[in-house]
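Work through the following exercises with the sequence and the coordinates open. Each task is followed by a stepwise solution.

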Amino acid sequence: MLRKSGVTYTSIREGIYTEAFPVLLNWYPDSTTVPLPADGPMALTLRSELGEATARLMIAGGHENEIVLLTAEDTIRPSEIVDIINQTTGREVKFERVSPEGYIRIYGENDRGGKPKAFFQQTLTWYEGIEKGELATTHSLMRELLGREPTKPRDAIQGLLLENPNYTWHQNYVN
C-alpha cells in the first residue's frame, strides 16, 4: 500500500523486545517451570538500542521507500533464557516442552498474571511462528547505524536480571 501510494516512506521492522522475555516465556520470579510448545530462536533486541538506531536512521536518511530490519545480530532460544535466569539469579527453573494443548491447559486455567485462556489460545500462533524460525531473522543494519555491535540477547537478559533478579514485564499481568 505504501509503495502504491506514492508517499515517501521508510518502514522499520524491529526485533522482539528483549525486555519482554517474561511474557514470551510466561515467566514470573516465582516460576519453577516454563512449559512452552516451542524452543525456536528469537532475535531479541533491546528497546533502547532500537530507539537509538531508529533515530540515527531517520537523521541519516538513505532508506527512502525501503523496508528495513533492525535487530540484534544474535538469537536466543527460550530454553537458553531459562538457563540464564538460573545462572544469574541462582534459581532452579526448568524448561519443559509441552504440546499446544498442554500449554493452553497449564496456563489457561490459572495464570499468575490473570490472563484469560483466550490469551494463551491466541499466543499459540507466536510459538508456531517461533518454531518455524519467523523470529530468527537478523540483519547488520543496526550495527551499521549504532557504530557498534548491538547487545546480544544473552547479555541483555543477564543485565536485566543482575539489575533486578525479580525482573518482570508489565504486560505479563492483566492489572
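**Exercise 1. The chain as a whole**

What percentage of the 175 residues in the chain do buried residues make up? Then describe the chain's secondary structure, extent, contacts, surface and charges.

Solution.
1. The model is predicted. Buried residues account for 45% of the 175 residues.
2. The secondary structure amounts to eight helices and six strands. Read from the N terminus, their order is α-β-β-α-β-β-α-β-α-β-α-α-α-α.
3. The C-alpha trace spans about 50 × 35 × 30 Å along its principal axes.
4. Take the contacts between residues at least 6 apart in sequence: 85% of them join residues at least 24 apart.
5. The exposed area is about 9,400 Å², and carbon and sulfur atoms supply 48% of it.
6. There are 18 positive and 24 negative charges, with mean positions 3 Å apart.

**Exercise 2. Helix H6**

Check the span of helix H6 (residues 117–132) against 1.5 Å a residue. Then locate its bend, its buried residues and what covers them.

Solution.
1. The expected span of a helix is 1.5 Å times one less than its number of residues. H6 has 16 residues, so it should span 22 Å.
2. The end C-alpha atoms of H6 are 24 Å apart, which agrees with that expectation.
3. H6 bends by about 25° at Thr 123.
4. Thr 123 is also one of the buried residues of H6, together with Phe 120, Leu 124, Tyr 127, Gly 129 and Ile 130.
5. The cover over these buried residues includes helix H2 (21–25), strand S3 (33–36) and helix H5 (100–108).
6. After H6 comes Gly 133, with a positive phi near 90°.

**Exercise 3. Two residues to classify**

Is Asn 86 buried or exposed? Is Asp 30 buried or exposed? Place each residue in the chain as well.

Solution.
1. Asn 86 is found in helix H4 (residues 78–89).
2. Buried means under 20% relative accessible area. Asn 86 has 18% relative accessibility and therefore counts as buried.
3. With neighbours within four places in sequence left aside, the contacts of Asn 86 are Arg 91, Glu 92 and Val 93.
4. Asp 30 sits in the loop between H2 and S3.
5. Exposed means over 50% relative accessible area. Asp 30 has 52% relative accessibility, so Asp 30 counts as exposed.
6. Between Asp 30 and Thr 168 the separation is 138 residues in sequence, and 11 Å in space from C-alpha to C-alpha.

Technical notes: Residues are numbered from 1 along each chain as its sequence is written. This is a predicted model: local features need pLDDT of at least 70, side-chain atom pairs count only at pLDDT 80 or more; totals for chains, interfaces and linings use all residues. Side-chain values use heavy atoms; hydrogens and water are left out. Helices (H or I, at least four residues) and strands (E, at least two) are DSSP runs, numbered from the N terminus. The bend at a residue is the angle between axes fitted to the seven residues ending there and the seven starting there. Buried means under 20% relative accessible area, exposed over 50%, partly exposed in between (1.4 Å probe, protein chains only). Contact means heavy atoms within 4.5 Å. Accessible areas come from the Shrake-Rupley method with a 1.4 Å probe; for residues, only the protein chains shown count as cover. Lys and Arg count as positive and Asp and Glu as negative; His and the chain ends are not counted. The place of a charge is taken as NZ of Lys, CZ of Arg, CG of Asp or CD of Glu.
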